[in-house]
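This report describes a protein model with attention to its strands, its helices and the contact between its chains. Please keep the structure in view while reading.

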Amino acid sequence: MRPLDEKETTVVFEKIFKFVGNNLKNIVENPSNEGPESEPSRYCFRLQKNRVYYVSESLVKRATNISRKNLMSLGTCIGKYTHAGSFHLTIMSLNLLAANAKHKVWLKPTSEMSFLYGNHVLKGGLGRITDSIVPGDGVVVFSMSDVPLGFGIAAKSTQDCRKLDPNGIVVLHQGDIGEYLRDEDELF
Amino acid sequence: MGKSRRKQKVIPPPQLPPDEDIEFSDEDVKYFKNNKDGAKFIAGIDTGAINRQCGGEVKTVEDKYLEERLKKRPREENEKRSEMEVDPVDVLPIKNLDGSLHYRRATKKSKFAEVDIDEAEVDVPEDEHILNKSQRREKAKKSKKEAKKHEKKLPEEILEDEEEEETPRAAVLAEVKEELSSEERFESKKNRLAELGTELLADPEANIKFLKEMLDLTRDENTKIVKLGLLSLLAVFGDIIPGYRIRLPTDKELEMKVSKEVKKTRFYESTLLKAYEAYLKKLVILERQSEYNQVTTRCMCTLLDAVPHFNYRDSLLSFVVEKISSPDEVIRRLCCHTIRSLFSNEEKHGGELTVEAVRLIAEHVKSYNCQLHPNSIEVFMSIRFDEDLGKRNNEDKNLKKSKKNNKKSIQEEQNQVQENERKKSKQEMMSKIKDEVNADYKRETYEPDAMERRKMQTATLSRVFETYFRILKNTMYSISESSEADTTSNPGAFGYHPLLAPCLDGLAKFTQQLDLDYIGDLMNYLKKLASSSSVSTNLKQKNSKLLTVSERLRCCLVAFKVMRSNLNALNVDLQDFFVQLYNLILEYRPGRDSGIVLAESLKIMLCDDRHQDMQKAAAFVKRLATFALCFGCAESMSALVTLKILLQRNVKCRNLLENDAGGGSVSGSISKYQPYATDPNLSGAFATVLWELSLLTKHYHPAISTLAATVSNMNTSQNQTFLSAVTPQQAFADYSLEKESFEPKKESWKLNVKRKRERSEDAKNVAEIDMVELNNKLKESFTIFRGKKEEERVRMDLQLKKKQSNNVVKKKLKNLKSKKKI
């Protein structure tokens, strides 16, 4: 386990910034109430075996007791480095993203299942969408009852969505909570 | 004439009784004996002067007689003439030596003269009937002539007088005479004007030359005459201007031989046009003088309104647009009204003037850098855009084609089957075709081409939106400038962003017509405008150039309206504007900002949206409850209504009504409520409870306390079907201070109140409150508030102490550690 170096930090932050915008500040400065300290500590990012974790500082202190080889996981895993060296967000980061999301898409109940099987979000399944989405923005996908379902990348801007035909892709799938079942083995 | 006679009576100096006749009463003698000082002024009297003034009694009488005669003579002559004029045969005009034409006519109207002269005296009556005017004109004719003779004689008299004696008495007399003569001249000119006007109206073709004379009359020095002249010319032009545009014949056409009638018409038209042009020029020249300002503007506006199809309309229009934001209230209203009526009566000018007016206004706005009176943009609101233009026409054509085909086929059949009736059918066909042609012709002549109109509409629309966008841009620019460099430049005559409010209103109205491609830009602008002052809240000095809260609220409102009308199918969530509203609720101040706008935005943004983000809804519920505590009845009522609607829609938000704080898993990542958070999603509203409601149940206003109680019981009483018939706007209107008479209006609440009988009884009891009770209640709520405040203060103190002690402990620990290390 080690802190991210500068290059890694920028990569991770850029990725998260796509989803949360200026709320990134909230993620970094979020006070944690873990541990016995009366003063709330902060959260920080740690790299462990190609995976990036979002951990409270008090937990980091305690985790130092365990050797790198034996440490399986700590805090919240938010993404991993692939063999090619690029950084991917994983579905476990969903809670973090959903709480601070800037761009949101709500799905109609009928199209929820399709998304949870790993398909893209189509215009027909769109229940609601925030305005001022630009293609390439990170979008968090919610059900109509505000349960976060996953996240993806916007393929069309909000304005363009209007003209789109019902089968056009609005959000490109990146992760959904169906993965907890589908990829149970690979996740950890 | 009665009045003038009255005026001509000169008040003679008081006649002194002969000295011998004076007898002093005993009392007077006694008085002066006692108060010798009182008689001192007599000693200093200038007896000579008095004698000069009053001495020549005989002469004054003579003078008076002379005057009387002078005045009588023309009148007698006049009377004679009027008798003469009854002769109807004598219609031809007589040319006087000085070249003026003299028309003889029957003067049966002379009986009006006595009656109406008083009315004529009233200066520049605006809304008088034309009838009245014409009457005046008629009887005015005589006195004009009268005056002319008078003028000739009077100077001689004056000269004689001056020669006779150069004493001040003569001077006084001359002055009086001059005054009289000028008055008479005024009278006569007025009458002349009236006369000419009637003539013109009676037979414009024959008397068209009089226009020139009338124009000449407006060159007078007397402002009243000029004004009257302008107004009467206005009336004349309004009546005689034809329903078409005059095109002067070209040289080629002049060369051609034409019939007499055509010549006559040409002469008439060209004279009319020349006179009209001269009149307009006169108006433009006079307009620069301040005393004619209103009259000329009125003339121009009326002309433009009455004859928008006629020549020179463009110059008229440009003049009126120029005046549209004049600082003079009357002129501005006139111009705005005219342009509005131009917009709403497009059939008068075929829509061309609309395009032109909008273009001119747009340029006006551009050249003045958006520093105009709001009225100048508000006129756009009366433009109408017909979306179905052209569509109908196309359908018609299609129909016609199919009809024709049908006819042809029918005809062929007929030909084949019945050759005998061929002629009959041919005749029928002919008549049918004629009818069709006629119908087509009619439609074409009465209705301008749909395509043409469509084109014009597009041009108008693009200009309107161009103006709106210019205003938005200008506002943005001024804001950014002011936030960068803190220059305290003087505001324009109309405040800082005078055009923003009407611009936003217009955008909301015409948003249906806006091209979809522009909506993105528009929303960006609005977003920036709505969030414009959030940066400067850090700065202590308030930058007055920034938008007010109501203006920013309006921006949010417009954004919602635009979205609602254009992207209805998509259900877009305007998060940024919600953030703005969330913050603006805190910045609202009852006196300064418009509560109506706030209520409207609550209604449109929160109540009308079908689906709300849960976190956001909770945050708004909490903030609205806080808001309801702080402000007057109307504001808190509208806030409470919104709150209730939000709670009804979002079942999960009712967790806020529970006693223990913390929504568990729902509350999200924020574990503590942050009242000052700027983003509703990050406020952590689920971590708190709506304690405000229990305070509000003790509100002094019965309606609010009732509503608060209903809302706080919402969770426990499950099978309530809440019918919320009221909107925040309505609530605000019902309870705003002006209407407030402390008798709660039950109309809008009946539905809710009836459901709970006890509540209604409560409310009734409270309605008949007496002052003592009221005082008690006020005291109670005051103590509650104070208690709360004190509690908070104590808590703050405690926290501070804790922190301090913590710090002390830490320091001690650190010291210990460092000591250890050492």
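The model discussed here is predicted. The account begins with a sheet to which both chains contribute strands. Within that sheet, Thr130(A) stands opposite Asp573(B), a residue of E3(B). The two strands concerned are E9 of chain A, covering residues 126-130, and E3(B); they run parallel and are joined by 2 bridges.

The sheet as a whole is open and contains 7 strands with mixed pairing. Their order is E8(A)-E12(A)-E11(A)-E10(A)-E7(A)-E9(A)-E3(B). At the edges are strand E8 of chain A (121-122) and strand E3 of chain B (572-573), each of which pairs on one side only.

A helix accompanies this sheet. Helix H5 of chain A, residues 109-116, lies across strands E7 (104-107), E8, E10 (138-143), E11 (148-154) and E12 (169-176) of chain A. The direction of H5(A) makes an angle of about 75 degrees with E11(A).

Chain A also holds a group of paired strands around E3(A), which should not be confused with E3(B). The table lists these pairings.

| Strand paired with E3(A) | Direction | Bridges |
|---|---|---|
| E1(A), residues 2-3 | antiparallel | 2 bridges |
| E2(A), residues 31-32 | antiparallel | 2 bridges |
| E4(A), residues 51-56 | antiparallel | 6 bridges |

Strand E3(A) itself spans residues 41-48. Individual residues show how these pairings are arranged. Pro3(A) stands opposite Arg46(A) of E3(A), and Pro31(A) has Arg42(A) of E3(A) as its bridge partner. On the pairing with E4(A), Tyr43(A) stands opposite Ser56(A). How many residues lie between E3(A) and E4(A) in their hairpin? There are 2 residues between these strands, and Lys49(A), in the turn, has a positive phi of about 55 degrees.

The next topic is the contact between the chains. Chain A provides 17 residues and chain B provides 19 residues. On the side of chain B that touches chain A, at least two residues come from each of helix H22 (516-530), strand E3 and helix H24 (575-587) of chain B. Which of these elements gives the most to that side? H22(B) does, with 4 residues. Classified by type, the residues on this side of chain B comprise 9 nonpolar, 7 polar and 3 charged.

Chain B taken by itself has 33 helices and 3 strands. Of its 822 residues, 31% are buried. Among contacts in chain B with a separation of 6 or more, 74% are between residues 24 or more positions apart.

One pair of helices in chain B deserves a separate description. Helix H8(B), residues 168-202, packs with helix H10(B), residues 223-240, at an angle of about 5 degrees, and their axes are 10 Å apart. H8(B) is therefore roughly parallel to H10(B). The residues of the contact between these helices divide into 9 nonpolar, 3 polar and 4 charged. On the H8(B) side, the residues include Phe186(B), Leu193(B), Gly197(B) and Leu200(B). On the H10(B) side, the residues that they meet include Ile225(B), Leu228(B), Ser232(B) and Val236(B). Charged members of the contact are also present, among them Lys189(B) and Lys190(B) in H8(B) and Asp239(B) in H10(B).

Conventions. Residues are numbered from 1 along each chain as its sequence is written. Chains are lettered from A and ligands numbered from 1 in the order in which they are written. This is a predicted model: local features need pLDDT of at least 70, side-chain atom pairs count only at pLDDT 80 or more; totals for chains, interfaces and linings use all residues. Two strands pair if DSSP finds at least two bridges between them. Two residues are in contact if their C-beta atoms, placed from the backbone, lie within 7 Å. Axes are lines fitted to C-alpha atoms, for helices over the stretch in contact, and angles run from 0 to 180 degrees between N-to-C directions. Angles under 35 degrees count as roughly parallel, over 145 as roughly antiparallel, 65 to 115 as roughly perpendicular and the rest as oblique. A residue is buried if 20 or more other C-beta atoms lie within 10 Å of its own, exposed if 12 or fewer, and partly exposed in between; C-beta atoms are placed from the backbone.
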